[in-house]
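Morning, everyone. I'll walk through one structure today. Have a look at it first.

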Amino acid sequence: MASASSNISSIKAFAESNRASPIPSNYHSFTDIGDVAVADELAASIPVIDFSLLTSDDSQIHAKAVHELAEACAEWGFFMLINHGVPESLMEELMKKSQEFHDLPVEEKKEFCDNGDPFSPIRHGTSFHPPAENVHYWRDFLKILTSPQFNFPHKPHGYREVGFEYSRKINNVARKLIQGISESLGLESNSIIDFSGFDSGLQIFAVNLYPPCPQPHLALGLPSHSDVGFLTFLIQNGIGGLQVKHEGKWVNVNPISNSIVVNIGDQLEAVSNGKYSSVLHRAILNNKDTRVSVVVVNGPALENEIGPAPKLLEKERPLFKSIKYRDYFLVQQKSRLSEGRALDQIRYSG
Ligand SMILES: O=C(O)CCC(=O)C(=O)O
Ligand SMILES: [Fe+2]
């Protein structure tokens, strides 16, 4: 019999020793069955952005790519990035090492355990997303601040090196996408980079591990939320589970081969004064395969005030208050709003 489980410290270990049990009731996430409905007909229209066109020296090709980027950000807040230049072999190696980290004996992972401080350089644990009503999530995680510090675990062997290389490469891709996004808003290419302190900004690296769940339709890996920061980059181990909310419906995301899934975060919605939306997304479960996702969030410097770009406010009224990224980060961590919309806390009403 599965018992009450608020003290489960590793879902992976729990799932391995309770393969057939009913899951503990505090992992039941779905109260409204209607929320499970999925609009698969929309999956084919998920935008695809070709990074090599965005970075082209040909100004016409570049301008067309900026336009497509703007459309993807405005209509979906989310896209698949292809031809991004991050080697496939690096992504595979990173995925392998990330999985190996979670496979380490529980004893060995103890030194990285979550101490509850959101700015802790390394946090490892389970079910950290703020539960709405004491609901837990079927996920173990590793979260690392890769910038401004760099704090990769020293095990498994070689993880630091591959983690460093991947984080740097993603940061460069993020920088160029943000330049394109600046242009698409009618701002100078470096405007958002400069006023947000992006070059000394916070970069968070996270590994989510979702073990098979005996009752996948009752629980969630991660509840509906939007991400902090400017842009989030996600790769996975070939197992699906990510859903994004589009026009009020959940859409399954099945990334095309060698692409990186990118979504807009709350700070870009604020900077764009609501033109680009920080998309709601969640992770669902299955009962067969362990799913691993590696997520990198790229954002402003912690001490910089982030709000609508001043140039946009020459012609429109602000929809969001400016707030230090550090303070926003804490608001989001504590947010227990049902849809995880920390953004509502800095939105002007009326
Ligand atoms: O694993 C996934 O598909 C989603 C992960 C995610 O949204 C996150 O880590 O913020
Ligand atoms: Fe997310």
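A term before we start: two strands count as paired if DSSP finds at least two bridges between them. And keep in mind that this is a predicted model.

Start with the sheet. It is open and has eight strands. The order runs β1-β2-β10-β7-β12-β5-β4-β3, and the pairing is mixed. Which strands stand at the edges? They are β1, residues 48–50, and β3, residues 122–126. Each has a single partner strand, so one side of each is left without a neighbour in the sheet. From one strand to the next, the twist averages 25°.

Now the β3 edge. β3 pairs with β4, residues 140–147, in the antiparallel sense, over five bridges. Gly125 sits opposite Phe141 of β4.

Next, the helices on the sheet. α3, residues 59–75, packs there and touches β1, β2 and β10. Its direction makes about 155° with that of β1. α4, residues 88–103, also packs on the sheet. The strands α4 touches are β4, β5, β7 and β12. Against β12, the direction of α4 makes about 110°.

α3 has a helix partner too. At what angle do α3 and α6 pack? About 85°, with the axes 9 Å apart. Angles of 65 to 115 degrees count as roughly perpendicular, so α3 is roughly perpendicular to α6. On the α3 side, the contact uses Val66, Leu69, Ala70 and Cys73. On the α6 side, it uses Gly180, Ile181, Glu183 and Ser184.

On to the core. The largest nonpolar core holds 86 residues. Those touching the most other members are Phe79, Trp138, Ile178, Ile181, Leu220, Leu231 and Ile260. Helix α6, residues 159–184, gives the largest share of this core, nine residues. Take Leu220. Leaving aside neighbours within four places in sequence, Leu220 is in contact with Ser29, Tyr137, Trp138, Arg282, Ala283, Ile284 and Leu285.

Now the annotation. UniProt, in an unreviewed entry, places the feature "domain: Fe2OG dioxygenase" at residues 197–300. Over residues 197–300 the chain is 6% helix and 41% strand. The end C-alpha atoms of that stretch are 6 Å apart.

Last stop, a hairpin. β8, residues 242–246, runs antiparallel to β9, residues 249–252, and four bridges join them. Gln243 stands opposite Asn252 in β9. Two residues lie between the strands, and Glu247 takes a positive phi near 50°.

Definitions and conventions: Residues numbered from 1 in each chain as written. Chains lettered and ligands numbered in written order. Predicted model: local features only at pLDDT ≥ 70, side-chain atom pairs only at ≥ 80, totals over all residues. Axes fitted to C-alpha atoms, helices over the stretch in contact; angles between N-to-C directions. Contact = placed C-beta atoms within 7 Å. Core = buried A, V, L, I, M, F, W, Y, C linked by C-beta atoms within 7 Å. Buried ≥ 20, exposed ≤ 12 C-beta atoms within 10 Å, placed from the backbone. UniProt positions renumbered as here; feature names shortened; annotations may be inferred. Parallel < 35°, antiparallel > 145°, perpendicular 65-115°, else oblique.
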